[in-house]
Amino acid sequence: MAVKYPGSDRRSFYLEGYDLTDQHGEIVDLHVKGIEISTPIASDVYEQQEHLVRHYGQMQSLLAEVGLRGSAYGAHRSREEYRGPRGGRGVEGWSAAETAMMTWGIHVNVSFPDDVEARLDRDRLRAKFDWFGPALVLLSANTPVRGDGPWTVDGVVGKSERSYRRSFTRRPMYFRDDQHNRKEVTCFDVTNRLDLIRGYSALVTGLMLEEGEFEYVAGPFADHNMRLAGLHGYRAPLLDRHFQPVNAGALVDNALDRAAKGLAGQGLDDEALAALRTLAAERRCPADDTLDAWHAQPEWNAFLARYSDLTGH
């Protein structure tokens, strides 16, 4: 497991963390933050789930051999910050790498057949996920506890510390052209609920395929909105580029409707969006249930044990 990147030997789970490099850029050491699972290429969200369940079970079996068990929670239980050597990183990359050490999340990766890829406008896709990024945060916000209890900013109990932190250094979407036009969307908190994981994959896929018009916002507006969604949930005072208010709940509903339309346009069903629609109808983030669990038993071992099994098969 002591290999950071699985590409060379096809490993599906591996140690993840802050890599330390020599003068040639070769990784010589790793400050470990956790274990990452990379599922193989799948043709749909249900096949993807089968891979995830299998590899998660294999990971837990390996951990059990040394008396450990993994937990799917997305924030460090005690540390407030991580500081690592800069090495060859630029300042923004350095800050992003340090921030990443304090949080764990789900990355949804999508590639399409060549004829579909040829029709995609990359600038438009980037702008689309800047606009709908807060909706993705609201549907997945699930890092409300760290250290002694709920995570707060200026007395406000937040929903997603991960998205709040990452909004300072990361964009919601990246292109990975070395792997057949892979598009990576990163603003989802970790969950042990498989129904939500299926939903996030379907949501991203549908939004990429849907071709309707949407609002454009500059990067600072997008970052502002992501940050406030991570802190305030559905009460977030989001803004469009004219400084007019954007209703957070309406943005989520619009994202789900567009995703369903995009899936239908390619003959794909939207059943996997059902769990997200339920959350949206309740105007409730996953973090709200997580906070309830913490208040019911505010002790870290018991809290983390709640999230060690995958649910929602």
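**Exercise 1.** Which residues gather in a patch of negative charge on the surface?

*Solution.* The model examined here is predicted.
Step 1. Asp and Glu count as negative, so residues of these two kinds are to be sought.
Step 2. The patch on the surface is formed by Asp44, Glu50, Asp269, Asp270 and Glu271.
Step 3. One of these residues, Asp269, can be placed in the fold: Asp269 belongs to the loop between α8 (248-265) and α9 (274-282).

**Exercise 2.** Determine how many salt bridges there are, and explain why the pair Glu210 and Lys128 ties together parts that are apart in sequence.

*Solution.*
Step 1. The criterion is a side-chain nitrogen of Lys or Arg within 4 Å of a carboxyl oxygen of Asp or Glu.
Step 2. The count by this rule is 20 salt bridges.
Step 3. Glu210 and Lys128 form a salt bridge, with 2.7 Å between the closest N and O atoms.
Step 4. Glu210 lies in the loop between α6 (194-209) and α7, whereas Lys128 lies in helix α4 (residues 122-140), so the pair ties together parts that are 82 residues apart in sequence.

**Exercise 3.** Describe the second largest pocket and its lining.

*Solution.*
Step 1. The volume of this pocket is about 230 Å³.
Step 2. Its lining has 14 residues, and Leu120, Met208, Leu209, Glu210 and Glu211 are the closest to the centre.
Step 3. At least two lining residues come from each of α4, α6 and α8; α8 gives the most, with 3 residues.

**Exercise 4.** State how many cavities of 30 Å³ or more the structure holds, and describe the largest cavity.

*Solution.*
Step 1. There are 2 such cavities.
Step 2. The largest cavity contains about 80 Å³ of space.
Step 3. Its lining includes Ser163, Arg166, Thr186, Cys187, Asp223 and Met226.
Step 4. At least two lining residues are supplied by each of α5 (161-166), β9 (182-189) and α7 (219-232).

Notes: Residues numbered from 1 in each chain as written. Predicted model: local features only at pLDDT ≥ 70, side-chain atom pairs only at ≥ 80, totals over all residues. Heavy atoms only, no water. Patch = residues over 30% accessible without salt bridge, like charges linked within 9 Å, V, L, I, M, F, W, Y side chains within 5 Å. Areas by Shrake-Rupley, 256 points an atom, 1.4 Å probe, with all protein chains shown as cover. Charge placed at Lys NZ, Arg CZ, Asp CG, Glu CD. Helix = DSSP H or I, 4+ residues; strand = E, 2+ residues; numbered from the N terminus. 1 Å grid on protein atoms, 1.4 Å probe; cavity = no way out; pocket = protein on both sides within 12 Å on 5 of 7 lines; lining within 4 Å. Points joined across faces, edges and corners; volume = space filled by probe spheres on them.
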